[in-house]
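Visitor: I should like a close look at a single part of this model, namely the place where protein and nucleic acid meet. Please take the contacts in order and then turn to the elements behind them.

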Amino acid sequence: MSRADELVAWYRAHRRDLPWRRDPRPWPVWVSEIMLQQTRVESVLPYFARFLERFPTPAALAAAPIDDVLAAWAGLGYYRRARHLHQAAQQVVERHGGEVPDDPAAFAALAGVGRYTCGAVQSIAFGHRLPVLDGNVERVLCRLHRVEEDPRAPAPRRRLWDAASALADHAHPGEVNQALMELGATVCTPRSPRCLLCPLQAGCAARAAGVAEALPRKAKRKARPTITVVAGLARDADDAIWVARRPDDGLLAGLWELPGVEAPDAGVRHLAAVGLVGGGDATLVEHGFTHRIWAVHVYRARGTPTTAHHTAVRAVPEHALPTLALTGPALKALRACGVALPHRRGAGRKPLS
DNA sequence: AAAACGGGGAT
DNA sequence: ATCCCAGTTTT
């Protein structure tokens, strides 16, 4: 048996029962692959079925307002993925009559589809012999071939794609690819790999050299700066809470939050930038992103916020807050100020009508 | 080549 | 605290 055969045999015996594997049609596979970018399986599970129920076809997604799409994505992160998928669905309607193209070049031309996603969807849904290289596969192959350089550098990168290509050149490329990812997720883990359970242990160069745990060697990330943000918790005459929609570009694009601004320091005076007047002590909420940390100082405030730093503002009754695509920091701020909300990622969140 | 882009779980 | 994850796009 070839290595790829061994992988497929292992995969068929040990694969997890995941929703997108029960329904390997192109659209669900595509949605799952986008959601799974930089995102763990456990985080995707609550979103996947709900998203497909609401947007069962590319045409259904293409016809939806972007705010509905963002509301369905709220809490998953990397919101540009949702915008690209929305745009790609419209491209599929325009260019391919609403059918996901069974054609790697046509598929790769769609918004948000890079080499990984193209290989994954086209191999799993259509059987094209294309490789995938994600964080899991990268780790498996770095160990299998004992790649000691930083795998993100160009030369090792090419070699890893070539190694993945050789494996995917198989009668069942979709299963080979999923086997590599499954192996990385469940056996060839970053720390404490379970080599005794691995179908590739006999041919693994890193294991032979005793360095499996040390690979891959990646450069450290830079420290994140902390940014001060000042926000106001204000209510209108009906006790509804004022929220503001972020710009359509950049961080948390198009999501709703408490009206506020980035400021050089904490201070109620900064609320004037969004048309509010505040008082009292601030409630401090911290939120870490990949590349920065927000220290949000939330003040009780009065007035009607302006749109100087936002695309829209509206006052929303507390019970209706979960229908909006709220930012993580906004959810934390509201809870810290005593506003009752569903706890993490709103599992009964209803669509915005 | 580097930076931007979320959030959560594991260690 | 740090690392990492079924990555892609923009600068």
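Which atom of DNA strand C is 3.1 Å from an N or O atom in the side chain of arginine 40?

Guide: It is a base oxygen of DNA strand C that is 3.1 Å from an N or O atom in the side chain of arginine 40. The model is a predicted one, and every distance that follows is computed from its atoms.

Two further contacts of this kind may be set beside that of arginine 40. A base nitrogen of DNA strand C is 3.4 Å from an N or O atom in the side chain of glutamate 33. For lysine 218, the partner of the side-chain N or O atom is a phosphate oxygen of DNA strand C, at 3.3 Å.

As to the wider surroundings, DNA strand C has 25 residues around it, and the closest are Leu36, Gln38, Gly112, Asp134 and Asn136. Of the strand's atoms that come within 4 Å of the protein, 65% belong to sugar and phosphate. The surface near DNA strand C is made up of seven nonpolar, eight polar and 10 charged residues. Helices α2 (19-22), α7 (80-96), α9 (115-126) and α10 each contribute at least two residues to this surface.

Helix α10 deserves attention next. This helix spans residues 135-144, and eight of its 10 residues are buried. The buried residues are Val137, Glu138, Arg139, Val140, Leu141, Cys142, Arg143 and Leu144. Their cover includes α1 (3-14), α11 (154-168), α12 (173-186) and α13 (205-209). At the start of α10, a side-chain oxygen of aspartate 134 comes to within 3.1 Å of the backbone nitrogen of asparagine 136; both Asp134 and Asn136 are among the residues closest to DNA strand C. Just after α10, arginine 146 adopts a positive phi of about 45°.

Helix α9, which also supplies residues to the surface near DNA strand C, holds serine 123. Serine 123 has a relative accessible area of 2% and therefore counts as buried. A polar atom of the serine 123 side chain lies 2.7 Å from the backbone oxygen of glycine 119, and a polar contact of 3.0 Å joins the side chains of serine 123 and asparagine 177. Leaving aside residues up to four places away in sequence, serine 123 touches Cys118, His128, Leu130, Pro173, Gly174 and Asn177.

Aromatic rings complete the account. The model contains six aromatic pairs. In one of them, tryptophan 30 and phenylalanine 107 meet edge-to-face, with 4.9 Å from centre to centre and 70° between the planes. Because tryptophan 30 lies in helix α3 (residues 26-35) and phenylalanine 107 in helix α8 (residues 104-108), the pair ties together parts that are 77 residues apart in sequence. Tryptophan 30 is buried, at 0% relative accessibility, and phenylalanine 107 is buried, also at 0%. Ring pairs link Trp27, Trp30 and Phe107 into a cluster.

Two arginines sit over tryptophan rings. Arginine 115 lies over the face of tryptophan 161, 3.9 Å from the ring centre. The charged end of arginine 314 is placed over the ring of tryptophan 256, at 5.7 Å from its centre.

Notes:
Residues numbered from 1 in each chain as written. Chains lettered and ligands numbered in written order. Predicted model: local features only at pLDDT ≥ 70, side-chain atom pairs only at ≥ 80, totals over all residues. Heavy atoms only, no water. Buried < 20%, exposed > 50% of the residue type's maximum accessible area, 1.4 Å probe, protein only. Helix = DSSP H or I, 4+ residues; strand = E, 2+ residues; numbered from the N terminus. Contact = heavy atoms within 4.5 Å. Polar contact = N/O pair within 3.5 Å; in protein donor to acceptor, adjacent residues only side chain to side chain. Phe/Tyr/Trp six-rings, centres within 6.5 Å; stacked < 30°, edge-to-face > 60°. Lys NZ or Arg CZ within 6 Å of the ring centre and 35° of its normal. Near = heavy atom within 4 Å. Nonpolar A, V, L, I, M, F, W, Y, C, P; charged D, E, K, R; others polar.
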